[in-house]
Structure formats: C-alpha cells, structure tokens
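The paragraphs below follow the surroundings of the bound molecules, one after the other. Please keep the sequence and the structure open while reading.

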Amino acid sequence: MASPFLLLLLLIPLCLLVLFLALSFLARPKSVRIPIKNRHVLITGGSSGIGLALAKAAASQGAHVSILARNAKRLEEAREEIKLATGHMARVLVADVRDPQAVAQALEESGPVDVLVCNQGVFVPMELEKQDLEEAKFMIDVNLMGTFHLIKAALPGMKSRARETGLPASIAIMSSQAGQVGVYGYTAYSASKFALRGLAESLQQEVIAHNIHVSMIFPPDTATPGLAEEQKKRPELTTIIAGSSGEMKAEDVAKKALDGLKEGQFIIPCNFDGTMLAIATAGLSPQRSAVTALFEVLGAGFMRFVGIGFQWNWYSTIQNWHAKR
Ligand SMILES: NC(=O)C1=CN([C@@H]2O[C@H](COP(=O)(O)OP(=O)(O)OC[C@H]3O[C@@H](n4cnc5c(N)ncnc54)[C@H](OP(=O)(O)O)[C@@H]3O)[C@@H](O)[C@H]2O)C=CC1
Ligand SMILES: CCCCCCCCCCCCCCCC(=O)[C@@H](N)CO
C-alpha cells in the first residue's frame, strides 16, 4: 500500500501536466515560423548599433535587406560593412521616420516588405524637471510616432505579399527593458517605449487574420554608438539602476531578436534578467508558447516578490544618493 505522502508526490507532476496541456490548448495566437531567407527584411536604424548588427545577421541568413535612416553617408558606410561581412548588397533608404510622406516614399521605393523591423530610436536621459520638453517630444516623435508612420506605410504591401506568397509576415518593434519598467532619468524615453507595447498588443489582434505576426524586443543597455553618446550625459542614478541588468553586445541582441522574430515570439527578452522581467510583466500579452506560458503562470507570484525586492534596492539607492548630497 503506497503511503499518502508518495501519492501526493505523484500528484504534483500530474497537476503540472494537466496545466501544461491546458495551456497548450489555450495559448494564442497559434505558433508560427517566419522564414527570412530570400525575403525582404527592412530594418530602420540599420546604419548603426543594434540595427546594423541585425542587418548583418539577416543578410548572412540569406535575407534581402533594406536599411533606413536619416544620414545618407552613414547608410553608405553601413552598406559597405554589410557587404564586407556577408557579401550582400543591402538597399539603402534615406528618410526621417518623423515625416510620414518621406516614410511612404521610402517604402514605395523599397517595394513590399516581408519583415519590418522598427528599430530606430533616440534616447536623451534627464530628470523630467531638467529636460527640455522639446527633447521629450523628440523621443516620442522618433520612437513612437515614427513606428506608427512605418507600420501605416508598410501594412498594405505586407498584407498583399503575405496573401500572394502564403508565407507569414512579421512586424518587429524595438522597445527596451525601460519599456517594461520605469527607470530614473527615463520619463520620456520609458513613456515612448511603454507606449509601443500598447500599439503592438492591439496591432497583433488587427493583423493576425492577414498572417502578420508582431514581436517586441526588450534589450538591456547594449554597447552601441548610441549608448556611448548617451553615457556622456546620463544621470548617475540612471546608470546605477539601468546597471541592474547586465550590458550586452549589439551582435548578441541582434541574434536573440532574429531568433525570436523567426519563432513569432510576441515578447523577446535578450538576457536572463530580461527573461525574469518578461515573466514579471507578462500581463495579458499574447503568448504562443505553452512552455513560456507555464513559467509565467507558475512564476507570477514569486517574480512579483523578486520585483518588490528590486524596487526596495532602487529606492534605497535613491535615498542614499540624496543623503550624500
Ligand atoms: N543601446 C542600448 O543601450 C539600447 C537600445 N535600445 C533601442 O534599440 C534601438 C537602437 O539603438 P542603438 O543601436 O543603440 O542606437 P544608435 O544610436 O546606435 O542607432 C540609431 C539608429 O536609428 C537611426 N535613427 C535615429 N533617428 C532616426 C529618425 N528620425 N529617422 C530614421 N532613422 C533614425 C540612426 O540613424 P540616423 O541618425 O542617420 O537617422 C541609427 O541608424 C533604439 O530603438 C533604442 O531605443 C533598447 C535598449 C537598449
Ligand atoms: C523581477 C525581475 C527583475 C529583473 C531585473 C530587472 C532589471 C531592469 C533594469 C532596467 C534597465 C533599463 C535599461 C534601458 C536601456 C536603454 O534602453 C538605454 N540604454 C537607452 O538605449
């Protein structure tokens, strides 16, 4: 006769199995694989940092790559770099994402897109009280409105292309860990990145019937020319709090992003802290993977506890910082 203790021990894996089966049945949208070989991948901000690393990674996997940015000279240099690294001649598109006409024209020039990566972004950290409102508006315009302009311009072509080829298309949006949690010195930047999540969650429901799949990427601090610029003027507390998640290389972020995009992951974390953050902030976001869903369901309470611990640490740091002054 088995002891009640043994029976209880058997019950745990059984419960997990039932939960997993339920999640496999429930998880939506359904899982998908998005090929990029021989497909048109357009990457904004593709002349520098994460965007350039993404362009190289996509080109090396056989994608036809277009890169879009403002500065024509830097775009040409990036094109040379991509050619040297992969042998692929990327198409170069000059446009400011803040200008909807310029964006529409660039997309006309490039032809229909299979994978749109809205990666362009600007970040000027500063306490709200000290920050010029023009600077805050600049971040909202480039990071948020720019993404609206890109999607508006690309969507009709993406829809018909997905219909004609029968292949799933993708819209990937570059957020930041500062788009999952507020960080001292990032009032405007965080606002622009959090806003992208509302856009992405709603958009996914609108485009799913057209076989278009939305992804969001959430990198920590990443070594790029943009970060080097930012670090010159970043408040000390911003650096400390952002340092809670380790810095990454642009190539590693690009690899995570591309792998996640090809699997149709809605939320793409880039490092271990990012995975914890994704579980802690899962909310009501779409989830294709039953395995990740299981971690989210089981981890919710505990990750909230860890999150409270992080806030304790950050508020203590802020308090000590003020006490020193
Ligand atoms: N580096 C980091 O620590 C992190 C970055 N991110 C996000 O990743 C993305 C890329 O960052 P990163 O590689 O560091 O940035 P970089 O500053 O190195 O590169 C930014 C790219 O965006 C382009 N760009 C900027 N403004 C516009 C505009 N108005 N219209 C069109 N293109 C524009 C730039 O080209 P040009 O100036 O010629 O227009 C450049 O190609 C951003 O969205 C950023 O918020 C997220 C988390 C961490
Ligand atoms: C519950 C578990 C928590 C896990 C750890 C959480 C750590 C959060 C750190 C936030 C870092 C924000 C970096 C923003 C980088 C960025 O976007 C700028 N460099 C501008 O480009």
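A polar contact is a pair of N or O atoms within 3.5 Å. With that cut-off in hand, the contacts of ligand 1 can be read from this model, which is predicted. An oxygen atom of ligand 1 sits 2.8 Å from a polar backbone atom of T222. The backbone is also the partner at I50, where a polar atom lies 2.9 Å from an oxygen atom of ligand 1. At R74 the side chain takes part instead: one of its polar atoms is 3.0 Å from an oxygen atom of the ligand. On its own, ligand 1 has 890 Å² of accessible area, and the protein covers 95% of it.

What surrounds ligand 1? The shell holds 32 residues, of which S47, S48, R70, Y189 and T224 come nearest. By class, 13 of the shell residues are nonpolar, 13 are polar and six are charged. Three helices each supply at least two residues to this shell: α2 (49–60), α6 (187–207) and α7 (225–233). The most comes from α7, which gives three residues.

The second site can be read in the same order. Ligand 2 offers both oxygen and nitrogen to side chains of the protein. An oxygen atom of ligand 2 lies 2.7 Å from a side-chain N or O atom of S176. For Y189, an N or O atom of the side chain is likewise 2.7 Å from an oxygen atom of the ligand. At D221 the ligand atom is a nitrogen, placed 2.7 Å from an N or O atom in the side chain. Taken alone, ligand 2 exposes 600 Å², and 95% of that is buried by the protein.

Which elements give two or more residues to the shell around ligand 2? They are α7, α10 (272–280) and α11 (290–324). Here α11 gives the most, with four residues. Around ligand 2 there are 20 residues, and those that come nearest are S176, Y186, Y189, D221 and E230. Eleven residues of this shell are nonpolar, five are polar and four are charged.

Two parts of the protein appear in both descriptions. Y189 is listed among the nearest residues of ligand 1 and among those of ligand 2. The helix α7 supplies at least two residues to the shell around ligand 1, and α7 also gives two or more to the shell around ligand 2.

Notes
Residues are numbered from 1 along each chain as its sequence is written. Chains are lettered from A and ligands numbered from 1 in the order in which they are written. This is a predicted model: local features need pLDDT of at least 70, side-chain atom pairs count only at pLDDT 80 or more; totals for chains, interfaces and linings use all residues. Side-chain values use heavy atoms; hydrogens and water are left out. A residue is near a molecule or strand if one of its heavy atoms lies within 4 Å of it. A polar contact is a pair of N or O atoms within 3.5 Å; within protein, one must be able to donate a hydrogen and the other to accept it, and residues adjacent in sequence count only if both atoms are side-chain atoms. Accessible areas come from the Shrake-Rupley method with a 1.4 Å probe; for residues, only the protein chains shown count as cover. Ala, Val, Leu, Ile, Met, Phe, Trp, Tyr, Cys and Pro count as nonpolar, Asp, Glu, Lys and Arg as charged, and the others, Gly among them, as polar.
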